[in-house]
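Here are my notes on the salt bridges, followed by a short look at one loop residue. Please read them with the structure open.

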Amino acid sequence: MPAHKISRSAILAALRGIEDPELGTDIVELGLIYAIGISEDGTVRIEMTTTTRFCPASAFIAEAVKARTDAIDGVSATVVEMVYDPAWSPEMMGRLPRE
């Protein structure tokens, strides 16, 4: 399936089902998803962070992001990149990711 059939809204909806275990709020609402890129071959690249650099749930959250994104029709692969610049702050809550 061509990448243009994969919608950002479907990806965001899937990611809204993942909660930060400490804060009990979904990772999209928290502003933890910095960027979503969709390639022509159906590869989705997600740049994200955690609320703290050494968050013990980082691997769990990244695996959940990959699993939920991989389950979307048309997605051939998901690459999750954890970044810590800029560092997350509460002011980022509610901010949508860039393309």
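1. In this predicted model, R8 and E99 are joined by a salt bridge between their side chains, with an N to O distance of 3.9 Å. R8 sits in helix α1 (residues 8-15) and E99 in the segment after β3 (77-82), so this pair links parts of the chain that are 91 residues apart in sequence. The cut-off for a salt bridge is 4 Å, and the 3.9 Å of this pair should be read with that in mind.

2. How accessible are the two partners, R8 and E99? R8 is partly exposed, at a relative accessible area of 21%. The limit for calling a residue buried is under 20%, so the label given to R8 rests on a value of 21%. E99 is exposed, with a relative accessible area of 74%.

3. E47 pairs with R98 in a salt bridge, and here the closest N and O atoms are 2.8 Å apart. E47 belongs to strand β2 (residues 43-48), while R98 lies in the segment after β3; the pair therefore ties together parts that are 51 residues apart in sequence. R98 is partly exposed, its relative accessibility being 46%.

4. Where in the fold is the salt bridge between K66 and D70? Both residues are in helix α2 (residues 58-70), four residues apart, which means that about one helical turn separates them. Their side chains meet at 2.8 Å, N to O. K66 is partly exposed at 35% relative accessibility, and D70 is also partly exposed, at 31%.

5. How many salt bridges does the model contain by this rule? The count is three. They are R8 with E99, E47 with R98, and K66 with D70.

6. A separate point concerns V75, a residue of the loop between α2 and β3. Is V75 buried or exposed? Its relative accessibility is 13%, and V75 counts as buried because the limit is under 20%.

7. Which residues does V75 touch, leaving aside those up to four places away in sequence? The contacts are I6, G42, V44, T69 and D70. D70 thus appears twice in these notes: as a contact of V75 and as the salt-bridge partner of K66. V44 falls within the residue range of strand β2 (43-48), and T69 within that of helix α2 (58-70). V75 and K5 are 70 residues apart in sequence, yet their C-alpha atoms are 9.4 Å apart in space.

Terms used: Residues are numbered from 1 along each chain as its sequence is written. This is a predicted model: local features need pLDDT of at least 70, side-chain atom pairs count only at pLDDT 80 or more; totals for chains, interfaces and linings use all residues. Side-chain values use heavy atoms; hydrogens and water are left out. Helices (H or I, at least four residues) and strands (E, at least two) are DSSP runs, numbered from the N terminus. Buried means under 20% relative accessible area, exposed over 50%, partly exposed in between (1.4 Å probe, protein chains only). Contact means heavy atoms within 4.5 Å.
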